[in-house]
Amino acid sequence: MIELKVVSLPEIYKIIGECEQKLKKVTLIDIHLKPYLNKGIISTPKEIAKEKLQTMICELFSVTWNGVKSTCRNREIVDARHAYFFLATSVLKFSSSAIARDLGFDHSTIIHGRRKIQNLIDTNDPVALIIQQIKERLI
């Protein structure tokens with residue numbers, strides 16, 4: 001049961017003032033930390049999840065991250081790259097444009113890779129099992 005308390009107008013103004021002070025402190029912290037976030041010194045939870053995804057992709061597909069970022073057309077690397085595109089957009093909710101900017105690809109390349117993985121999942125390709133393993137670890 002919620003307990004209601006009757007307070008006077010001056011008390012309400014005092015509470016509002018305290019809230020404003022706390023909000024100013026949070027805003028100041030945000031202003032001071034923003035340059036460090038942009039420089040990559042402090043990572044956001046989404047960035048941390050992205051790094052975790054990159055590590056898992058490399059481990060489970062037995063490739064290097066430099067290989068994934070490259071334009072190499074070796075089947076193992078292409079599958080790993082497309083899996084990263086698929087999982088970064090579907091699980092981590094990154095946009096195709098953001099992934100493309102990060103890796104130096106065009107956003108249409110990201111869309112194509114996502115579709116390729118979805119087709120492999122639909123046809124029960126072995127890659128689908130790896131995708132499922134990564135999804136379970138990320139969630």
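What follows walks through the helices, the core and a few single residues of this predicted model.

Some ground rules come first. Numbering starts from 1 along each chain as its sequence is written, and side-chain values use heavy atoms, with hydrogens and water left out. Since the model is predicted, local features need pLDDT of at least 70 and side-chain atom pairs count only at pLDDT 80 or more, while totals for chains, interfaces and linings use all residues.

The protein chain has seven helices and zero strands, where helices (H or I, at least four residues) and strands (E, at least two) are DSSP runs numbered from the N terminus. Along the sequence that reads simply as α-α-α-α-α-α-α. Of the 139 residues in the protein chain, 29% count as buried; buried here is under 20% relative accessible area, exposed is over 50%, and partly exposed is in between (1.4 Å probe, protein chains only). Taking contacts between residues at least 6 apart in sequence, 55% join residues at least 24 apart, with contact meaning heavy atoms within 4.5 Å.

Helix H4 (residues 75-90) takes part in two of the packings described here. With helix H2 (residues 45-61), the axes come within 10 Å and cross at roughly 150 degrees. That makes H2 roughly antiparallel to H4. For the geometry, axes are lines fitted to C-alpha atoms, for helices over the stretch in contact, and angles run from 0 to 180 degrees between N-to-C directions. Angles under 35 degrees count as roughly parallel, over 145 as roughly antiparallel, 65 to 115 as roughly perpendicular, and the rest as oblique. The H2 and H4 crossing is right-handed, a label that applies if the near helix is turned clockwise from the far one by less than a right angle, with anticlockwise giving left-handed. On the H2 side the contact uses Lys50, Leu53, Gln54, Ile57 and Phe61, and on the H4 side Glu76, Asp79, Ala80, Ala83, Tyr84, Leu87 and Ala88. Sorted by class, the residues of this contact are eight nonpolar, one polar and three charged. The classes are Ala, Val, Leu, Ile, Met, Phe, Trp, Tyr, Cys and Pro as nonpolar, Asp, Glu, Lys and Arg as charged, and the others, Gly among them, as polar.

H4 also packs on H7, at an angle of about 45 degrees and with the axes 11 Å apart. The two helices are therefore oblique to each other, and their crossing is right-handed. H4 brings Asp79, Ala83, Phe86 and Leu87 to this contact, and H7 brings Val127, Ile131, Ile134 and Lys135. The tally is six nonpolar, no polar and two charged residues.

Next comes the core. The largest nonpolar core (a set of buried Ala, Val, Leu, Ile, Met, Phe, Trp, Tyr and Cys residues joined through side-chain atoms within 4.5 Å) holds 30 residues, and Leu53, Ile57, Phe61, Tyr84, Ile99 and Ile134 touch the most other members. H2, helix H3 (65-69), H4, helix H5 (96-103), helix H6 (107-122) and helix H7 (126-138) each give two or more residues to this core. H4 gives the most, with eight. Ile134, leaving aside neighbours within four places in sequence, is in contact with Leu53, Met56, Ile57, Leu60, Phe61 and Leu87.

Two other buried residues are worth a look. His82 is found in H4 and is buried at 9% relative accessible area. Not counting residues up to four places away in sequence, His82 touches His112, Gly113, Lys116 and Ile117. Ala100 sits in H5 and is buried at 5%. With the same sequence neighbours left out, Ala100 touches Phe105, Asp106, His107 and Ile110. Ala100 and Ile110 are 10 residues apart in sequence and 6.6 Å apart in space, C-alpha to C-alpha.

Backbone angles also turn up something. Most residues other than glycine have a negative phi. Ser62, in the loop between H2 and H3, nevertheless has a positive phi of about 55 degrees, and it is exposed at 63% relative accessibility. Lys93, in the loop between H4 and H5, has a positive phi of about 65 degrees and is exposed at 59%.

Finally, Ile139 lies in the segment after H7 and counts as exposed at 79% relative accessibility. Ile139 and Ala49 are 90 residues apart in sequence but 9.9 Å apart in space, C-alpha to C-alpha.
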